[in-house]
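User: I am in my first year and would like a close look at a single part of this structure, followed by an account of how that part sits in the rest of the chain. Please take me through the reasoning step by step.

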Amino acid sequence: MECKEAEQYVQPYIDGTLGDRELAAYLQHVRSCSACRKNLQIYFSICYLLQYVGQDEQGDLSYDMRKVLEEDMRRNERGLRFRAVFRTIRHLAVIVGEVIMIVALIWTFLGDTAETFLKYLGF
Ligand SMILES: [Zn+2]
């Protein structure tokens with residue numbers, strides 16, 4: 001991902017509206033590009049503080065914005081990993097389901113054949 005493209009992902013990242021593919025590409029870029037990381041840090045901090053000001057209960061405001069963003073990025077990366085594992089499990093479940101269906105079809109076919117064969121033999 002180029003910096004120009006990454007710039008367009010700042011707001012969607014903060015809003016949490018990026019798809020997994022864009023999120024992964026953006027996080028990877030921000031991890032390796034200090035300019036874009038700084039850019040995200042600024043917008044993220046502003047949004048975080050504005051959100052905090054808008055809250056009724058003003059509990060634990062963290063002023064360590066670097067840490068808050070790092071935690072947010074880690075949470076997003078965990079989400080990506082979790083969803084990737086979930087997708088893999090879902091794919092495996094589909095494959096297992098298909099194998100069971102194929103085995104069932106073969107079983108039925110062989111069963112019928114065996115029955116026909118047994119009838120042919122006079123049983
Ligand atoms: Zn960049």
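Analyst: A helix is expected to span 1.5 Å times one less than its number of residues. In this predicted model, that rule can be tried on helix α3, which covers residues 20–32 and so has 13 residues, for which the expected span is 18 Å. The C-alpha atoms at the two ends of α3 are 18 Å apart, in agreement with that expectation.

The next step is to ask which residues of α3 are buried. A residue counts as buried if 20 or more other C-beta atoms lie within 10 Å of its own, and as exposed if there are 12 or fewer. By this cut-off, the buried residues of α3 are L23, Y26, L27 and V30. Around the helix axis they cover an arc of only 100°, which means that they lie on the same side of α3. The spacing fits a general rule: an α-helix has 3.6 residues a turn, so residues three or four places apart point the same way. On the other side of α3, by contrast, R21 and S32 are exposed.

The buried side of α3 leads to the largest nonpolar core, a set of 10 residues made up of A6, Y9, Y13, L23, Y26, L27, V30, C36, L40 and L69. Helices α3 and α4, the latter covering residues 34–54, each supply at least two residues of this core, and the largest share, four residues, comes from α3. One member of the core, Y13, shows how such residues meet, for when its neighbours within four places in sequence are left aside, Y13 is in contact with L18, Y26 and L40.

Helix α4 also holds Q41, which has 17 C-beta neighbours inside 10 Å and therefore counts as partly exposed. Beyond its neighbours within four places in sequence, Q41 is in contact with M65, R66 and L69. The C-alpha atoms of Q41 and G111, however, which are 70 residues apart along the chain, are separated by 66 Å.

Helix α5, which covers residues 65–120, includes R90 and also F86. R90 is exposed because there are 10 other C-beta atoms within 10 Å, and F86 likewise counts as exposed, with 10 C-beta neighbours inside 10 Å. From R90 to D112, 22 residues apart in sequence, the distance from C-alpha to C-alpha is 33 Å, while F86 and Q51, 35 residues apart in sequence, are 31 Å apart in space on the same kind of C-alpha to C-alpha distance.

Stepping back to the whole, the protein chain has five helices and zero strands. Its radius of gyration is 27 Å, well over the 14 Å that the globule rule gives for 123 residues, so the chain is more spread out than a compact globule. The C-alpha atoms fill a box of roughly 85 × 40 × 20 Å along the principal axes, and 8% of the 123 residues count as buried. Even so, among contacts between residues at least 6 apart in sequence, 62% join residues at least 24 apart.

A last point is how far the prediction can be trusted. The chain averages a pLDDT of 88, and 93% of the residues score at least 70. Confidence is highest in α3, at a mean of 96, and lowest in α5, at 88. Where pLDDT is low, the predicted coordinates should not be read in detail.

Key:
Residues are numbered from 1 along each chain as its sequence is written. This is a predicted model: local features need pLDDT of at least 70, side-chain atom pairs count only at pLDDT 80 or more; totals for chains, interfaces and linings use all residues. The arc is that of the directions from the helix axis to the C-beta atoms. The radius of gyration is taken over C-alpha atoms; the globule rule is 2.2 Å times the number of residues to the power 0.38. Two residues are in contact if their C-beta atoms, placed from the backbone, lie within 7 Å. A nonpolar core is a set of buried Ala, Val, Leu, Ile, Met, Phe, Trp, Tyr and Cys residues joined through C-beta atoms within 7 Å. pLDDT is the predictor's confidence in each residue, from 0 to 100.
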